[in-house]
Amino acid sequence: MTGQTMTGHSEMLPAQPTELTGAPQAEVATDAPQTSRAEAPAFPPLAYLYGEPQATANLRTQADDFIVDEELSFTPTGHGEHLLLLVEKIGQNTQYVAKQIAAAAGLKARLVSYAGLKDRHAVTRQWFCLPVPIKQELLYQDWNIEGVRILQTVRHQRRLKLGSIKQNHFQLKLRNVSDKAELEAKLQLILQGVPNYYGEQRFGHFGGNLQLAARLFAGESIPDRQLRGLALSASRSMLFNQQVSARVREQLFLTLLPGAVVQLDGSGSVFSVPELTDEISQRLQEQDLHPTAILPGIGKVLETGAALDWQLQQLAPYQHWVQALCDLNVNTERRSCRLVPKALSYQWQDDTLALQFALPSGCFATSVLRELVKYQDLGREQVMLEC
C-alpha cells in the first residue's frame, strides 16, 4: 500500500461573483433553454475545471466506502439541560433518525435537533440534540433503532442549531480505478480548488426536486412545507451551479471583474472589489479569498459594474425562476464559487484508492470526485432501482 499527504498551492485558474434582485434584466440569449413554465428549464451540463475525467471507478461498492464524520463548530460544555448524542447511522437519512430518537425518548419530533443533513447512502457520524433535565438519565442503551448506534453523549447549555458545523471529514474508497496515473495527476490539480457545485443529491431522483420547483413557480400550490422547501432549495442551487459553470466555461474561474464580491476563506464575511489589485490577486492565489455567486432571491445587490452585468447575463435565461423566488419572498444568499479540500491524503491498494479530506459545512464531496474520475455510484443507483 502506498500513501501520500498533499499540501501546497500551485498556479490557478480564473473566476467571478454575483447578485441580482432589483437590477434591470439583461437580454436573453437566443440559445436560452425554451420550455413551458410548468417544466424545469433544460439546464446545460456543468463544466469541468480540469477537463472531463476519462478514468473510471466505482463508488459505494459497500457502505463503508463512504464515511462522513461531523465536526461541530463549538466544544460542548459538559453541563446543561440539553444532551448531545453522537450517532453513527447507516442507510438512514438524518430526518428519519431524528424522528426515531424523539419517539424513543418520548418527545415531540420538533424537540430533537441536528447541525446538518447527512447522506443516507453512507456511514455517517453526526450529532443530535434533545432536552433532558439535569437530574434525569436518558436510557438510550435500551433503544433499538435500525441502522443506528449511539457512540457518545455529552451535555450542553444550548440547543444544537442547524449549521453549527466547522467541517465534515470524508473517508472515501474508489474501487476498480481504470487509470491510476490520470487520477494521480488530477489529485495534484484539485489542491487548487474545484467548482463548489451543489451535488446531485440536492436535486432529487432524476431531478425531481427541480420539476417540483417548476410546478411551484407555475402557480401550483404545494402545502407540504418540507416539499416546498426542497423545491426552493433545489431551484436556487441549480441557478448557483449555472453561474459557477459559466465561469468555468468562459475561463473566469478565478478572474474578478470590476465590482465583484469575494468571500473570506473559512468565514461568511464578504466584501466588494471595485478594482482588482495586486493584493487581492495574491489573496486569491493563496486561497484566502474566493469569488462568490448568489442563490437568487430578494435582497440588496452587492455587485456593481461589469460584475453585475455578467451576473445578469448568466441568469437571464432563467428570469422566470428568479422572479418567482423574489415573489415568494426568498432571501438572497451567497456562496463561494471555489471549494478547496483540506487535509487531503490518499493511499493506493492495487486498483483501489482510499481518499481522505475535509470540507466546510454545506459542501459536497461528490463535487470533488467529479473532477477526479468518472465514477459510478453503485449505492445510489441501487436505491434508485428500489424506489
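User: Which loop holds Asn329?

Analyst: This is a predicted model: local features need pLDDT of at least 70, side-chain atom pairs count only at pLDDT 80 or more, and totals for chains, interfaces and linings use all residues. Residues are numbered from 1 along each chain as its sequence is written, and side-chain values use heavy atoms, leaving out hydrogens and water. Helices (H or I, at least four residues) and strands (E, at least two) are DSSP runs, numbered from the N terminus. Asn329 lies in the loop between helix 7 (319–327) and strand 13 (333–336).

User: Is Asn329 buried or exposed?

Analyst: Buried means under 20% relative accessible area, exposed over 50%, and partly exposed in between (1.4 Å probe, protein chains only). Asn329 has a relative accessible area of 57%, so it counts as exposed.

User: What is the phi of Asn329?

Analyst: Asn329 is a residue other than glycine, yet its phi is positive. The value is near 60°.

User: Where is Gln251, which also has a positive phi?

Analyst: The phi of Gln251 is near 55°. Gln251 is exposed because its relative accessible area is 62%. It comes just after helix 4. Its place is the loop between helix 4 and strand 10 (260–264).

User: How many helices and strands are there in the protein?

Analyst: The loops above join pieces of a longer list. The protein has nine helices and 17 strands.

User: What distance separates the end C-alpha atoms of helix 4?

Analyst: Helix 4 covers residues 225–249. The expected span is 1.5 Å times one less than the number of residues. Helix 4 has 25 residues, so it should span 36 Å, and the distance between its end C-alpha atoms agrees: 36 Å.

User: Which backbone nitrogen does a side-chain oxygen of Asp224 reach at the start of helix 4?

Analyst: A polar contact is a pair of N or O atoms within 3.5 Å; within protein, one must be able to donate a hydrogen and the other to accept it, and residues adjacent in sequence count only if both atoms are side-chain atoms. The Asp224 oxygen comes to within 2.9 Å of its partner. That partner is the backbone nitrogen of Gln226.

User: Which residues have the most contacts inside the largest nonpolar core?

Analyst: A nonpolar core is a set of buried Ala, Val, Leu, Ile, Met, Phe, Trp, Tyr and Cys residues joined through side-chain atoms within 4.5 Å. The largest has 66 residues. Its residues with the most contacts inside it are Leu174, Leu187, Trp321, Leu355 and Phe357.

User: Which helix gives the most to this core?

Analyst: The top giver supplies eight residues. It is helix 4.

User: How many residues are in the second, separate core?

Analyst: This core includes Val112, Val132, Leu138 and Trp143. Its size is 16 residues.

User: What share of the protein counts as buried?

Analyst: The protein has 387 residues. The buried share is 51%.

User: Which strands pair with strand 8?

Analyst: Two strands pair if DSSP finds at least two bridges between them. Strand 8 (residues 165–175) pairs antiparallel with strand 2 (residues 56–59) over two bridges. Seven antiparallel bridges join strand 8 to strand 3 (residues 66–72). Seven antiparallel bridges also link strand 8 with strand 16 (residues 352–359), so the names are strand 2, strand 3 and strand 16.

User: Which residues stand opposite His169 of strand 8?

Analyst: One opposite residue is Asp69. In strand 16, the opposite residue is Ala358.

User: Which residues are the bridge partners of Leu85?

Analyst: Strand 4 (residues 82–90) is mostly covered, with eight of its nine residues buried. It runs antiparallel to strand 6 (residues 123–131) over nine bridges, and to strand 7 (residues 148–156) over eight bridges. The strand 6 partner of Leu85 is Phe128, and the strand 7 partner is Thr153.

User: How many disulfides does the structure hold?

Analyst: A disulfide is a pair of cysteine sulfur atoms within 2.5 Å. Cys326 counts as buried because its relative accessibility is 13%, and Cys337 does because its value is 1%. The disulfide count for the structure is zero.

User: What distance separates the C-alpha atoms of Ala40 and Leu212?

Analyst: Ala40 lies in the loop between strand 1 (2–5) and strand 2. It counts as buried because its relative accessibility is 11%. Ala40 and Leu212 are 172 residues apart along the chain, and their C-alpha atoms are separated by 8.4 Å.
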